[in-house]
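Dear colleague,

I am handing over the structure below, and my notes on it follow. Please read them alongside the coordinates.

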Amino acid sequence: MRRLPAASLKALVRWARPHAHALSLEQARTAIPILPSGDLDRTAAFWTRIGFIETDRYPGYLLLNSGDAELHFSQPDGAVSPGECFVHIGDARQLWKRLKEEAVDGIGPITDTDYGLREFIAADPDGNRVRFGSPTR
């Protein structure tokens, strides 16, 4: 087995120290956005074209999933006020290219950011904006 140089090991320990804590009952494990939908059937149709799978539905509530990412949608009683969230993916360019080739509405341009991510926005018919991003490598 190969040993790490002492400097590398020290850097790893410094990095891991703030991240190496026991998970208590109060600590968040994941966050799932609940976005508004004026029409759950229309919302499901849009996001399944993106690549999400409808995993459950209740009166006024829709659950979609893709890998470890989940999006929830609820039907508000009043006017829909759009929401926004970010989804980390493996290759934003590959997904963006597929969606553009399939002429999916609401797909914005893809950009490389100065903070090291390649991103694009998918805006659904209710105006919700989901930003998909991956490292530029």
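**Strands S6 to S8 and the core**

Strand S6 (residues 111-112) and S7 pair in the antiparallel sense over 2 bridges, where pairing requires that DSSP finds at least two bridges between the strands, and where strands (E, at least two residues) and helices (H or I, at least four) are DSSP runs numbered from the N terminus. This is a predicted model, in which local features need pLDDT of at least 70 and side-chain atom pairs count only at pLDDT 80 or more, while totals for chains, interfaces and linings use all residues. Residues are numbered from 1 along each chain as its sequence is written, and side-chain values use heavy atoms, with hydrogens and water left out.

S6 and S7 form a hairpin with 4 residues between them, and Gly116 in that turn has a positive phi of about 90°. On its other side of the sequence, S7 pairs in the antiparallel sense with strand S8 (residues 129-135) over 7 bridges; the hairpin of S7 and S8 has 5 residues between the strands, and Gly127 there takes a positive phi near 90°. Arg118 in S7 stands opposite Asp112, and its bridge partner in S8 is Ser134.

Of the 7 residues of S7 (residues 117-123), 6 are buried, that is, under 20% relative accessible area with a 1.4 Å probe, protein chains only.

The largest nonpolar core (buried Ala, Val, Leu, Ile, Met, Phe, Trp, Tyr and Cys residues joined through side-chain atoms within 4.5 Å) has 24 residues, and Ile50, Phe120 and Phe132 are among those with the most contacts inside it. Helix H2 (40-50) gives the most to this core, with 5 residues.

Best regards

Key
Buried means under 20% relative accessible area, exposed over 50%, partly exposed in between (1.4 Å probe, protein chains only).
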